[in-house]
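Colleague: Before I plan anything around this complex, I would like to go through it with you and hear how each label is justified.

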There are 2 protein chains.
Amino acid sequence: MPALSPTERRLLEVAIDHFGRFGLDGASTRAMARDADTLMSSITYHFGGKTGLYLAAADHIAVTMAGFVAPALEQIATLFEGIPKPADARRALHIIVAHMIGVMVKDETAAIARFVVREQADPTEAFDRIYAGIMGLMLARVAGLLRIVSHNRLDEHAAKLRAMTIVGQILIFRVGRAAVLRGAEWTEIGEDEIKELQAHVADNLEAILDRLERGGSA
Amino acid sequence: MPALSPTERRLLEVAIDHFGRFGLDGASTRAMARDADTLMSSITYHFGGKTGLYLAAADHIAVTMAGFVAPALEQIATLFEGIPKPADARRALHIIVAHMIGVMVKDETAAIARFVVREQADPTEAFDRIYAGIMGLMLARVAGLLRIVSHNRLDEHAAKLRAMTIVGQILIFRVGRAAVLRGAEWTEIGEDEIKELQAHVADNLEAILDRLERGGSA
DNA sequence: GTCTATAGTCGGATAGAC
DNA sequence: GTCTATCCGACTATAGAC
């Protein structure tokens with residue numbers, strides 16, 4: 001893919017925000033162009049129209065999300081030498097989960113989450129691109145690690161479902177942010193709060209992995 | 001509150017759907033009126049305008065959600081006689097979690113979820129009403145049960161955060177439905193699939209509760 | 001590539017008949 | 001309570017100047 005021009009980059013970032021808030025129909029090309037310091041007609045020029053911008057925004061999300069998780073994947077790549085053992089997989093899962101919590105609560109994730117959640121509720125081609133670009137890969141990765149921990153007692157299907165429950169524990173801090181803030185009586189989620197969340201999720205994860213490794217019912 | 005007229009009821013149901021999909025600004029009063037087999041001006045008459053309908057929809061959601069969880073709450077009410085013991089609380093939590101999964105995957109929940117998730121991303125007075133009406137109560141309920149299981153080692157704050165992680169495991173099957181269907185290679189979530197999800201989440205819950213009751217790190 | 005102008009559609013609110 | 005008519009603003013797309 002060709003490098004993005006500054007105008008295209010600004011438009012894509014604004015587009016993720018506006019489409020996430022208002023949807024494909026609800027978002028206004030005029031407003032997006034204004035926020036990106038350009039003109040409505042440049043959307044037609046660069047992306048072929050509103051729908052083209054929408055799909056380009058989805059691709060941009062996949063690339064951005066991949067960049068978010070890259071550091072964690074690099075870190076765990078160093079853990080494995082030869083045949084992966086449950087203890088390695090457990091460490092890798094803890095790294096991934098802690099990293100994802102840090103990513104999820106960041107403000108920069110808010111716009112992307114709005115877009116993706118909306119697509120989940122009413123999937124279009126944009127969802128295909130995001131799923132194929134990053135979500136499916138991450139899910140498979142976590143599921144694979146869970147299988148290792150379980151000594152392959154979990155089959156691929158079960159491992160994927162289990163991976164979703166792990167991810168769900170993290171996602172709620174983004175998707176249910178307003179309820180979390182209210183329930184926890186927080187006004188923001190800063191470094192201290194992140195550590196607190198990470199401790200709780202890590203503790204849950206440890207409990208679940210213990211059971212998986214020892215071979216509880218599944 | 002007065003009983004709802006048929007027109008009001010239809011308008012509220014359509015409103016939850018449309019506002020959930022398109023947001024307060026994006027939804028069209030004309031389209032909502034059409035889908036509810038009435039006229040745009042009846043929105044003004046019954047609810048004072050678009051914003052009035054929006055807030056009324058939020059109240060309607062709180063009532064509907066309360067109705068959804070009522071059966072589980074009634075069921076667990078019979079469990080407690082005298083001072084609640086950890087074993088009672090564990091049974092109650094399993095009942096609540098299994099019930100919530102059943103509720104979350106139902107199609108009727110989709111529209112409500114869209115509305116609530118949107119409010120979470122950008123809370124307005126509507127969120128206050130839903131949180132005060134039902135969400136906060138359920139969160140407190142689950143947190144209270146977790147505290148009992150932990151022999152009160154969890155304080156109120158920690159128990160609420162832990163409750164959110166439990167709920168997150170369930171919410172993902174609604175909020176991330178498209179990814180779940182794709183990852184699990186399902187085309188729908190029917191009775192068999194619900195049982196499968198319930199088994200996985202129950203297994204996670206059992207692991208987490210074991211650790212909480214025995215007193216792992218928190 | 002950037003910008004203006006415009007055609008055509010749809011939006012919410014409201015006044016007022018019945 | 002139900003329905004029509006109308007006002008005015010905002011929207012997308014597009015043609016075309018520069």
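Colleague: How many residues does the contact take from chain B, and how many from chain A?

Modeller: This is a predicted model, and in it the contact takes 50 residues from chain B and 50 residues from chain A. A residue is counted here if its heavy atoms come within 4.5 Å of the other chain. Put together, chain B and chain A bury about 4500 Å², of which 59% is on carbon and sulfur atoms. On the side of chain B, the residues that lose the most area to chain A are R182(B), H200(B) and D203(B), which together make up 14% of what that side buries.

Colleague: Why is the relation between chain B and chain A that of a two-fold axis?

Modeller: In general, two copies of a chain are related by a rotation about an axis and a shift along it. Here the rotation that superposes chain B on chain A is 180°, the shift along its axis is 0.0 Å, and the RMSD is 0.0 Å. That is the relation of a two-fold axis. The same surface also serves both copies, since 100% of the contact residues of chain B recur in chain A.

Colleague: What makes the pair D203(B) and R162(A) a salt bridge?

Modeller: The cut-off is 4 Å between a side-chain nitrogen of Lys or Arg and a carboxyl oxygen of Asp or Glu. The side chains of D203(B) and R162(A) meet at 3.1 Å, N to O, so the pair satisfies that cut-off. The count between chain B and chain A is 10 salt bridges, and there are 28 residue pairs in polar contact, with both residues at pLDDT 80 or more.

Colleague: Which elements of chain B give two or more residues to the side that touches chain A?

Modeller: They are α1 (6-26), α6 (108-121), α7 (125-149), α8 (156-175), α9 (177-184) and α10 (191-214) of chain B. The largest share of that side, 14 residues, comes from α8(B). By residue class, the side of chain B that touches chain A divides into 26 nonpolar, 10 polar and 14 charged.

Colleague: Turning to the DNA, which residues are the closest to DNA strand D, and how many surround it?

Modeller: DNA strand D is surrounded by 13 residues, and the closest are A27(A), S28(A), T29(A), R30(A) and S41(B). Of the atoms of DNA strand D that come within 4 Å of the protein, sugar and phosphate account for 53%. The elements that each supply at least two residues of this surface are α2 (29-35) and α3 (40-47) of chain A, together with α3 (40-47) of chain B. The largest share, 3 residues, comes from α3(B), and the residues of the surface divide into 4 nonpolar, 6 polar and 3 charged.

Colleague: How do you know that T29(A) is in polar contact with a phosphate oxygen of DNA strand D?

Modeller: A polar contact needs a pair of N or O atoms within 3.5 Å. A backbone N or O atom of T29(A) lies 2.6 Å from a phosphate oxygen of DNA strand D, so the pair qualifies as a polar contact. For S28(A), an N or O atom in the side chain is 3.3 Å from a phosphate oxygen of that strand, and for H46(B) a polar side-chain atom lies 3.2 Å from a phosphate oxygen of DNA strand D.

Colleague: Which residues lie around DNA strand C?

Modeller: From chain A they are L39(A), S41(A), Y45(A) and H46(A), and from chain B they are A27(B), S28(B), T29(B), R30(B), M40(B), T44(B) and K50(B). Sugar and phosphate account for 55% of the atoms of DNA strand C that come within 4 Å of the protein. Polar side-chain atoms lie 3.1 Å from a phosphate oxygen of DNA strand C in Y45(A), 3.1 Å in S28(B) and 2.6 Å in T29(B). The largest share of the surface near DNA strand C, 3 residues, comes from α3(A).

Colleague: How many helices and how many strands does chain A have?

Modeller: Chain A has 10 helices and 0 strands, and its C-alpha trace spans about 60 × 40 × 30 Å along its principal axes.

Note on methods. Residues are numbered from 1 along each chain as its sequence is written. Chains are lettered from A and ligands numbered from 1 in the order in which they are written. This is a predicted model: local features need pLDDT of at least 70, side-chain atom pairs count only at pLDDT 80 or more; totals for chains, interfaces and linings use all residues. Side-chain values use heavy atoms; hydrogens and water are left out. Copies are superposed by least squares on the C-alpha atoms of residues with pLDDT of at least 70 in both. A residue is near a molecule or strand if one of its heavy atoms lies within 4 Å of it. A polar contact is a pair of N or O atoms within 3.5 Å; within protein, one must be able to donate a hydrogen and the other to accept it, and residues adjacent in sequence count only if both atoms are side-chain atoms. Helices (H or I, at least four residues) and strands (E, at least two) are DSSP runs, numbered from the N terminus. Ala, Val, Leu, Ile, Met, Phe, Trp, Tyr, Cys and Pro count as nonpolar, Asp, Glu, Lys and Arg as charged, and the others, Gly among them, as polar. Buried area is the accessible area (1.4 Å probe) that two parts lose on being put together, summed over both.
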